[in-house]
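Reader: I am new to protein models. Could you walk me through how the terms are justified?

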Amino acid sequence: MRDPRYDILFEPVKIGPLTAKNRFYQVPHCNGGGYRDPSAAAEMRGIKAEGGWGVIFTEQCEMHHTSEITPFIELRLWEDKDIPQLRRMSEKMKTHGALAGIQLAYSGINGPNLYTKEVPLAPSALPIRTFTNDPVQARAMSKSEIRDLRRWFVNAAKRSKEAGFDLICLYGAHGFGIFQHFLSRATNQRSDEYGGSLENRSRFAREVVADMRDAVGDTMALTMRVSLDETIGELGFSNAELRDFIEMNRDLPDLWDLAQGTWEDCSGPSRFKDEAAQETLVRGIHELSDKPIVGVGRFTSPDVMAKMVKSGTLDLIGCARPSIADPFLPKKIEEGRIEDIRECIGCNICITGDMTMSISRCTQNPTFMEEWRKGWHPEKMNPKGASQSVLVVGSGPAGLEAAWALCRRGYDVAIAEAGTEIGGRVTRERKLPGLSAWGRVVDYRDYQLSQRPNVEIYRDSELDAESLLEFGFENIAIATGASWRRDGVSRQHVVPMPIAEGARVYTPDDLMGGTIPEGKIVLFDDDHYYMGGVLAELLASRGADVTLITPSAYVSDWTNNTLEQAVIHARLVEMGVEIVLNRGVTEIAADHVLSNCVYTGRTTRYDADAVVMVASRQGRDGLYHDLLARESDWADAGIKSVRLFGDAEAPGPIAWATYAGHRYARELDGEDIGDALPFRREITELAAE
Ligand code: ADP
Ligand code: SF4
């Protein structure tokens, strides 16, 4: 049963005319599905309702067609036609007594309007501020257009009510919502009554809240999401100004939703930000208003959550990523199952679904966004099929997730691991600078497996095809992982590159295995995710003189999608790493490398005592192929199926491995669907011609 220390988290909280059943508040978060995959997004929210959240929000919802953030896929409420898909979502949210919230966003200076082709409207005329530096400018709204915008907010509020929502969040944080654009002197340079003093800059927010309260305030609660600190220096909306704003407008919304100024700051990865990182920015704000406060901080620990409430810092515990990694977090605390919480590792892979306009995934929760598409539930597995036993070879994230999901289906599972420790790549990578929280991928599964009678783990057990044939398992799951290549094959070089005899070339596996080269090091990064940047950090921290060369225009380019690229670059500069962009490596000699400009091909020589090669990885699929070669012996050995998955099949991020393991487990003994699509999808209904 629930630990009384956490009782406080289950107290109801009044928000305007409504009451949240507890303090667990799923703040708005993107999912890459949005208007393109409405049922997938709705079902995902419904699972959170089942998991016990007191308040559940949509992602940002574009509330008028004059402001949209294409290419990113969020929700839209532009006309009545949008109501049914939003109603589907609110209905799912409310299934277990949660309050359903919609976040209305007018993107202003952040909306390039690439789809609607409308001229963007903002408090002041400035270039659009987006991740993609779109070559578009906004014009300043006239006073009559401000009146229009107030009316559009009221229309959107009425539609939100019709769509079944209980709460409306007015978006003014992360640089994304127009309320922030009015509040900040950087984006509001008006000289009329909407600009200048803080009183004037607050006018728009006050007017919109008053209008909306008249329209829907009798039944709906209005929340305002504002930035804790815009972090752009003097001109920006600072933490001090935020406090003045709240004090001046004490009771404006029914709840203050406080979030850090940029999305990169607010959703900081665990590599750079700890749990509750925003605490000091929030502390004391409570005294400035009588309204409840929600704040975020990648909260996964119920002790930290309880402390936030007891100390009077927060009234509601806001979670986006922790609710993705474990939609059942509140329920697990309520049932006294703390050790069952699948803690977010802070990798920001979920955010990449939005940034790449695909669909989100989660490293820890492979069922995220597959609740409707594949019918996957994070806490329930499909019943066991015809066979009984599975041998999983390899205990990396793919093998561990497969084993955990299989044993929940009721299979007898054995895991064989060549090494002394389980966890595969995660066990090595968690020791790298900033990546310790990633170890939760292993810790969670290790503990869960230890609680199950139908799983055995064999360490120090490197298996070959012969032993697999001897063991007598019906199903063999091969998740033997991958190794980093030494020969440079990746994107610049699709065949091995010229490496002189005597050249000292190290791979990430060497470094993670404890061999740390010294002296002058060239790190060649043609992988472009985190590994190159992390290893440069590791080498620099050990005193090496590091030059990072990459053919990309950015260090750790793909981390633009995990919102950490800028911080990685800054960290490396501060550590004295020389960063060489837009250059490849064409040749490695014993004491230098030749580097080419990716545009002109001109070469430059860089002295190097050693080279760290962060190229690509090669699946360890030898065992699989050995077993395939013995297919004629399978029947006698009782083997019904052999499958290769995870990094051994095709290397990718850890989230790809947990997904592959989970999928293997779900589909074992399943019916053959032939050429059919393996997931459900929605297609836009054709309009009448
Ligand atoms: P993934 O990300 O796909 O899970 P990892 O590289 O993290 O892959 O993990 C693969 C694991 O498989 C490693 O811990 C490795 O030691 C183990 N392994 C590789 N080959 C064998 C083998 N022949 N027998 C047992 N374990 C193996
Ligand atoms: Fe957390 Fe990573 Fe899952 Fe996002 S993808 S919720 S950061 S574990």
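Author: Start with one term. A salt bridge is a side-chain nitrogen of Lys or Arg within 4 Å of a carboxyl oxygen of Asp or Glu. Keep in mind that this model is predicted.

Reader: What makes Glu-537 and Arg-271 a salt bridge?

Author: Their closest N and O atoms are 3.5 Å apart. The cut-off is 4 Å, so the pair qualifies. The count between domain 1 and domain 3 is one salt bridge.

Reader: Which residues make up domain 1 and domain 3?

Author: Domain 1 covers 4-355, and domain 3 covers 488-617. Domain 2 has two segments, 389-481 and 620-667.

Reader: The C-alpha centres of domain 1 and domain 3 lie 39 Å apart. How do you know that the two domains are in contact?

Author: Contact is judged by heavy atoms within 4.5 Å, so the distance between centres does not decide it. By that test, 13 residues of domain 1 are in contact with 14 residues of domain 3. The area buried between these domains is about 1100 Å². Carbon and sulfur atoms give 63% of that area.

Reader: How many residue pairs are in polar contact between domain 1 and domain 3?

Author: Two, with both residues of each pair at pLDDT 80 or more. On the side of domain 1 that touches domain 3, helix H8 (263-266) and helix H13 (349-355) each supply at least two residues. H13 gives the most, with four residues.

Reader: How do the residues on that side of domain 1 divide?

Author: Eight are nonpolar, three polar and two charged.

Methods. Residues numbered from 1 in each chain as written. Chains lettered and ligands numbered in written order. Predicted model: local features only at pLDDT ≥ 70, side-chain atom pairs only at ≥ 80, totals over all residues. Heavy atoms only, no water. Domains from an automatic or database assignment. Buried area = accessible area lost by both parts, 1.4 Å probe. Polar contact = N/O pair within 3.5 Å; in protein donor to acceptor, adjacent residues only side chain to side chain. Nonpolar A, V, L, I, M, F, W, Y, C, P; charged D, E, K, R; others polar.
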